[in-house]
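Me: I would like a close look at a single part of this structure. Please take one helix and describe how its residues are placed and what surrounds them.

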Amino acid sequence: MRRVDIAAIRRRLCLGQTKLAAGFGISPGTLRNWAQGRHLPGGSARVLLRMIEREPEAVRPALG
């Protein structure tokens, strides 16, 4: 299972942690913990991050 690279997603989207979290409905603290390796996203969070990584513009409308 490949680890989700939060920093790479942020660089690709040109967003800081706070803006990435706010833009995709993720708690800033949770995103920070994932980025720093303190916790790993599981289940649906992992799917959401993969979708953001691959097709961020497809995810935004779904989040309203």
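What follows is an account of one helix and its surroundings.

Reply: The model is a predicted one, and the part chosen here is helix α4, which comprises residues 43-54. With its twelve residues, α4 reaches 17 Å from the first C-alpha to the last, close to the 16 Å expected at 1.5 Å a residue.

The burial of its residues is considered next. Ala45, Arg46, Leu49, Arg50, Ile52 and Glu53 are the buried residues of α4. They lie on the same side of the helix, because the arc they cover around the axis is only 160°. As a general point, an α-helix has 3.6 residues a turn, so residues three or four places apart point the same way. The other side of α4 carries Gly43, Ser44 and Arg54, which are exposed.

As for the cover over this buried side, the elements that provide it include α1 (6-13), α2 (17-23), α3 (28-35) and α5 (56-63).

The packing of α1 against α4 can be set out in detail. In general, two packed helices are described by the angle between their axes and the distance between the axes. Here the axes of α1 and α4 come within 9 Å and cross at roughly 35°, and the crossing is left-handed. On the α1 side, the residues that meet α4 are Ile6, Ile9, Arg12 and Leu13; their counterparts in α4 are Leu49, Ile52, Glu53 and Arg54. By class, the residues of this contact divide into five nonpolar, three charged and no polar. Leu49, Ile52 and Glu53 thus appear in the contact with α1 and also among the buried residues of α4.

Arg54 merits separate attention. Arg54 belongs to α4 and takes part in the contact with α1, yet Arg54 counts as exposed because its relative accessible area is 52%, where exposed means over 50%. Leaving aside neighbours within four places in sequence, Arg54 is in contact with Arg2 and Arg12, and Arg12 is one of the α1 residues already named. Arg54 and Trp34 are 20 residues apart along the chain, and their C-alpha atoms are separated by 18 Å.

One residue of a covering helix may be added. Leu63 is located in α5, a helix that helps to cover the buried residues of α4. Leu63 counts as partly exposed because its relative accessibility is 43%. Not counting residues up to four places away in sequence, Leu63 touches Gly23 and Phe24. Between Leu63 and Thr18 there are 17 Å in space, C-alpha to C-alpha, and the two are 45 residues apart in sequence.

Note on methods:
Residues numbered from 1 in each chain as written. Predicted model: local features only at pLDDT ≥ 70, side-chain atom pairs only at ≥ 80, totals over all residues. Heavy atoms only, no water. Helix = DSSP H or I, 4+ residues; strand = E, 2+ residues; numbered from the N terminus. Expected span 1.5 Å × (residues − 1). Buried < 20%, exposed > 50% of the residue type's maximum accessible area, 1.4 Å probe, protein only. Arc of directions from axis to C-beta. Contact = heavy atoms within 4.5 Å. Axes fitted to C-alpha atoms, helices over the stretch in contact; angles between N-to-C directions. Left-handed = near helix turned anticlockwise from the far one by under 90°. Nonpolar A, V, L, I, M, F, W, Y, C, P; charged D, E, K, R; others polar.
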